[in-house]
Amino acid sequence: MKLDITKGIQRKGSQVACDLAESWGEDRWNGDVIRFASPVTFSGSYLLADETVVLRGVARAQIESRCARCLRPTLTTVCAEVDEAFERDTGEARSPEDDAYVYSGHTVDLTDAVRTALLLEMPSRVLCREDCRGLCPRCGQDLNVADCSCRRERDRENPFSALASLLNEDEEV
Ligand SMILES: [Zn+2]
Ligand SMILES: [Zn+2]
């Protein structure tokens, strides 16, 4: 996601509005493959303070990841504030601790800053719906689609667990 800052260089110190959109495709998050399902957009403004580009705005994306319980592909709409500074790359060696974003010429690559901001807004556990019943830990059946017989079998193997669940049901009433 590249920002052309020619206007900002011509008018140093004044805000320049910018609107960008780009399709990103697949990525990785939390050890799993995710997908940017719609173009990622950034809307905001920037200005040049000396040689530093100061950027502010909002990034939006629809991210497809897997439901934490049933693994079904699930879309999450993510909206993130981006407030970053990009220093002009002087070509000098940078220390490894220096993690400032850099740019060179008339182009600022916003990809890393926008991607990081968006992924930070992802919920730690994505659910396809609040009451997703997930997969049976024993046979893998998607319990949203149909029940499996594991529960009944388990109760038959261990009559006390059946009794316990009966007691629990009584308690709930
Ligand atoms: Zn689910
Ligand atoms: Zn099962």
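**Entry 1: helix 2**

I began with helix 2, where I found A113, V114, A117 and L118 to be buried. Viewed down the axis of the helix, these buried residues fall within an arc of 125°, so they line one face of helix 2. I recalled the general reason: an α-helix has 3.6 residues a turn, so residues three or four places apart point the same way. I note here that the model I am reading is a predicted one.

I then looked at the face of helix 2 turned away from the buried side, and there I found the exposed residues D112 and L120. Next I asked what covers the buried residues of helix 2. The cover includes strand 5, strand 6, strand 7 and strand 8, the last of these spanning 101-103.

**Entry 2: the nonpolar core**

I turned to the largest nonpolar core, which has 19 residues. Which residues have the most contacts inside this core? I recorded V53, A59 and V114. The elements that give two or more residues to the core are strand 5 (40-49), strand 6 (52-66), strand 7 (73-88) and helix 2 (111-120). Strand 6 gives the most, with five residues. V114 thus appears twice in my notes, once among the buried residues of helix 2 and once among the core residues with the most contacts.

**Entry 3: V53**

I looked up V53 in detail and left aside residues up to four places away in sequence. On that basis, V53 touches I5, G8, Y46, L48, A85, F86, Y103 and V108.

**Entry 4: T74**

I chose T74, which is found in strand 7. Is T74 buried, exposed or partly exposed? I counted T74 as partly exposed because it has 17 C-beta neighbours inside 10 Å, whereas a buried residue needs 20 or more and an exposed one has 12 or fewer.

Again leaving aside residues up to four places away in sequence, I listed what T74 touches: E64, S65, R66, C67, V126 and C128. I also checked the pair T74 and L127, which are 53 residues apart in sequence. Their C-alpha atoms are 7.3 Å apart in space.

**Entry 5: the whole chain**

Finally, I surveyed the chain, which holds four helices and nine strands. From the N terminus on, I read the order of elements as β-α-β-β-β-β-β-β-β-β-α-α-α. Of the 173 residues in the chain, 14% are buried. I also looked at contacts between residues at least 6 apart in sequence, and 57% of these join residues at least 24 apart.

Terms used: Residues are numbered from 1 along each chain as its sequence is written. Chains are lettered from A and ligands numbered from 1 in the order in which they are written. This is a predicted model: local features need pLDDT of at least 70, side-chain atom pairs count only at pLDDT 80 or more; totals for chains, interfaces and linings use all residues. A nonpolar core is a set of buried Ala, Val, Leu, Ile, Met, Phe, Trp, Tyr and Cys residues joined through C-beta atoms within 7 Å. Two residues are in contact if their C-beta atoms, placed from the backbone, lie within 7 Å. The arc is that of the directions from the helix axis to the C-beta atoms.
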